[in-house]
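Visitor: Could you take me through this structure slowly, with the reasoning behind each answer?

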Amino acid sequence: ENVFHTISETDKEMIEKLQEQVRVNIDDKQGFVTLSATMPEGLQAAQMVLNARNILQRKVINHKLKKAEEDLGFIEDRFNEKKRAFEQAQDNLARYRDANKNVNTATAQTEAERLESEYQLAFSVYSELAKQVETQKIQVKENTPVFAVLQDAVVPLEKSNTSKSAILIIWAFLGAFLGVVFVFAKTFVA
């Protein structure tokens, strides 16, 4: 099984485009994350922010819960094993008692005590693991992060950046101005 994954050129271009469009700002002091998106249409930008928020929340929750859920799975597996061992010890003790109701020999009494000890040990381990399972279930719930949306995605009324035509006009005037200054400076200096 190949654990290395490669991405295609198309995927790489899409990732780069997304990195240009979506910005994530993390404020460690205040403990919040700000998501913003820049796209040609305001509604698209708002939808992009909502989708990014949902993905980010899922990833954070999965990351936080992964270890706790793995621990819970491990403890539940041990619990189920010990439950079967406890039930087997319980059955062995019951069958022995039923088969030897009227037998009062020392050997029979010793065997009954041995089976009783196995039963008590199995019950003790089973009981302790049952407590650990419940404690770990509580831990999983405690580790589940809670998200509060301080401000929903907003569709802007106006474009947030300068249009390409405005930039072109500004640079054209600046170029013309510098050209005139250069011509006058050249005639006065020469």
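**Helices and aromatic rings**

Guide: Let us begin with Asp91, keeping in mind that this is a predicted model. At 37% relative accessibility, Asp91 counts as partly exposed, and its place is in helix α2, which covers residues 42-99.

Visitor: What span should the 58 residues of α2 have, at 1.5 Å a residue?

Guide: The end C-alpha atoms of α2 are 82 Å apart, and this agrees with the expected value. Along the way, α2 bends by about 40° at Lys66. Reckoned at 1.5 Å a residue, the 58 residues of α2 should span 86 Å.

Visitor: How many aromatic pairs does a search of the whole structure find, and is the pair of Phe79 and Tyr126 stacked or edge-to-face?

Guide: The search finds five aromatic pairs in the whole structure. In one of them, the ring centres of Phe79 and Tyr126 lie 5.2 Å apart with their planes at 20°, and because planes under 30 degrees apart count as such, this pair is stacked.

Visitor: Which helices do Phe79 and Tyr126 come from?

Guide: The pair links distant parts of the chain, since its two residues are 47 residues apart. Phe79 lies in helix α2, whereas Tyr126 lies in helix α3.

Visitor: Is Tyr119 buried or exposed?

Guide: Tyr119 forms a stacked aromatic pair with Phe123, at 6.5 Å centre to centre, and both residues lie in helix α3, four residues apart. Phe123 has 37% relative accessibility and therefore counts as partly exposed. Tyr119, by contrast, has 18% relative accessibility, and because the limit is under 20%, Tyr119 counts as buried.

Terms used: Residues are numbered from 1 along each chain as its sequence is written. This is a predicted model: local features need pLDDT of at least 70, side-chain atom pairs count only at pLDDT 80 or more; totals for chains, interfaces and linings use all residues. Side-chain values use heavy atoms; hydrogens and water are left out. Buried means under 20% relative accessible area, exposed over 50%, partly exposed in between (1.4 Å probe, protein chains only). The expected span of a helix is 1.5 Å times one less than its number of residues. The bend at a residue is the angle between axes fitted to the seven residues ending there and the seven starting there. Rings of Phe, Tyr and Trp (its six-membered ring) pair if their centres lie within 6.5 Å; planes under 30 degrees apart count as stacked, over 60 as edge-to-face and the rest as tilted.
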